[in-house]
Amino acid sequence: MIPPGAPIVTAEEMRAAEEEAFLRQRQDDVMERAGAAVAREVVRFALGRPVLVLAGPGNNGGDAYVCARLLQTAGLDVAVAALGDPKPGSAAEMAYRWTGPVASLYEARARPVIVDGLFGTGMTRPLERSVQAIFNHLCHDADLVVAIDLPSGLDTDSGAHLGAPRVDVTVALGALKPAHLTGAGLDCCGEVILADIGVPVPMRRRVVARPRLSAPGTQAHKYTRGLVAVIEGAMPGAARLAARAAMAGGAGYVVLAGPDVGGGGPDALVRHPVGHPEDLGAWLADDRLSAVVIGPGLGRDRRAELLLKAALDCPHPLVVDGDALTLMGRTAGRWLSGRSAPSWLTPHAGEFERMFPEAQGSKLDRTLAAAAETNATVIHKGADTVIAAPNGEMRVLSRASSWLSTAGTGDVLAGLVAAQAGLGEIEAAEAAVWLHGRAAGLAGPAFIADRLIDHVPQAIAECL
């Protein structure tokens, strides 16, 4: 399992952290710890079955030789196959400490358990065809495949597929890498286990953690708990979902502002009539408002554009979703340039591509760039949801329920962000994303967005 709040580092950041650590401790000792961490997991999962350890020429291969030696000491039947000679230094030293035979990768025979130590952090080009063919064949014929740090054939920073097979377990060393959480890594890495190898790493990028929330105090009332306004547009059902989510997410008072004053929704949902877009601006000046949501079902016509402008001009925290993101498009930075209050953008992949078509790099890099460009906290939704703040802080939620891929769940997330706006910019986004994902887990399979909302209070109960 991936620990909540675990650090995420790029290949370059991990190399820098290791170089800094090697000023105070021997590289051999770090490699021994890394190999031991992998060996512990292999012993746990192998259940006494014969093991084939694949060792590459670099430090990942050095870890593999340590693992092989310790597995043999633990009584397992271990064979080693290598791709090339180990490079001088710690990798060569660990190969020397392995006293058993070493076959060529091209001569290797399948065994029930494979330990992949061919290539780890830093891979950026595809596996050679011959290596990929042999490696994939060995993995296909095995009952269990355990990867050291990353499956060989994954780009560390982007998660791009470079020929990696799907493994069963990946033992991440020292910190998570973007490929563990995004891109092809979502399918290739299997169960990810983080191992501490005694190398301190930066903590600005982390896995989403369960928030610490508090029950209302004895002096609390509906306004102190938060007054959230949701702007209704052409598709009122979407706005109602966002409003209901804000209510379930802990807001004390939720108002749905729009023309559909007789529409559905719970009796506790207050309605404010908005006949003309210019009427919205004056009402949004109310200093009791704690957050505003605009975009779910807003529409993309002239009226919708005027409603968006009124919302952007308001002095309150603002969550921008759905149609409002499409209206801003590539000029989102200009639309948001006059705002001083916090803003959150919640695009899915298609909306993000339309807004930031020139963004380069991994999903993490592109989301960070979008946050800097717009001076907003960006929640880039998907199976790998990436949260980035303008100051460079980042959180990632990976492997949330795939049943969230249904209409209206994004509207629910927008309402949850507004309900948690008082926590702070990245804190609100992180809390909302966690509650959203946890509610999905509690809802089980094949839920609809309306039912997802019903499980939000259960998720909140786990945070008190």
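This is a chat about how one predicted protein model is put together.

Q: Before we start, what is this model and how are its residues numbered?
A: The model is predicted, so local features need pLDDT of at least 70 and side-chain atom pairs count only at pLDDT 80 or more, while totals for chains, interfaces and linings use all residues. Residues are numbered from 1 along each chain as its sequence is written, and side-chain values use heavy atoms, with hydrogens and water left out.

Q: How many helices and strands does the protein chain have?
A: The protein chain has 18 helices and 17 strands; these are DSSP runs numbered from the N terminus, with helices being H or I of at least four residues and strands being E of at least two. Its C-alpha atoms fill a box of roughly 80 × 40 × 40 Å, taken along the principal axes.

Q: And what share of the residues is buried?
A: Of the 464 residues in the protein chain, 56% are buried, where buried means under 20% relative accessible area, exposed means over 50%, and partly exposed is in between (1.4 Å probe, protein chains only).

Q: Can we look at strand 17, and which strands does it pair with?
A: Strand 8 (residues 205-207) is joined to strand 17 by three bridges and the two run parallel, whereas strand 16 (residues 384-388) is joined to strand 17 by five bridges and runs antiparallel to it. Two strands pair if DSSP finds at least two bridges between them.

Q: Which residues stand opposite each other there?
A: On the strand 8 side, Val 207 stands opposite Val 396, and on the strand 16 side, Asp 384 stands opposite Ser 398. The hairpin of strand 16 and strand 17 has five residues between the strands, and in this hairpin Gly 392 takes a positive phi near 95°.

Q: Which way do the side chains of strand 17 point?
A: Met 394, Val 396 and Ser 398 point one way, while Arg 395 and Leu 397 point the other way, and all are buried. In a regular strand the side chains alternate between the two faces of the sheet.

Q: New topic: which residues have the most contacts inside the largest nonpolar core?
A: That core has 57 residues, and those with the most contacts inside it are Ile 231, Leu 280, Leu 284, Ile 294, Met 328 and Leu 345. Helix 10 (residues 302-313) gives the most to this core, with six residues. A nonpolar core is a set of buried Ala, Val, Leu, Ile, Met, Phe, Trp, Tyr and Cys residues joined through side-chain atoms within 4.5 Å.

Q: What is Leu 280 in contact with?
A: Leaving aside its neighbours within four places in sequence, Leu 280 is in contact with Ile 231, Ala 257, Val 274, Leu 307 and Ala 310, where contact means heavy atoms within 4.5 Å. Apart from this core lies another, of 49 residues, among them Ala 239, Ile 379, Ile 387 and Ala 418.

Q: Back to the start of the chain: which residues of helix 1 are buried?
A: In helix 1 (residues 11-21) the buried residues are Ala 11, Met 14, Ala 17 and Ala 21. Seen down the helix axis, they fall within an arc of 125°, so they line one face of helix 1; the arc is that of the directions from the helix axis to the C-beta atoms. Strand 6 (169-173) is included in what covers these buried residues, and the face turned away from the buried side carries the exposed residues Glu 12 and Glu 19.

Q: How many disulfides does the structure hold?
A: The structure holds zero disulfides, a disulfide being a pair of cysteine sulfur atoms within 2.5 Å.

Q: Why is there no bond at Cys 189?
A: The closest cysteine sulfur, in Cys 188, is 6.7 Å from the sulfur of Cys 189, which is too far for a bond. Cys 189 is also buried, with a relative accessible area of 0%.

Q: Last one: how many aromatic pairs are there?
A: There are two aromatic pairs. In one, the rings of Tyr 223 and Tyr 253 have their centres 5.5 Å apart and their planes at 55°, so the pair is tilted. Rings of Phe, Tyr and Trp (its six-membered ring) pair if their centres lie within 6.5 Å, and planes under 30 degrees apart count as stacked, over 60 as edge-to-face and the rest as tilted.
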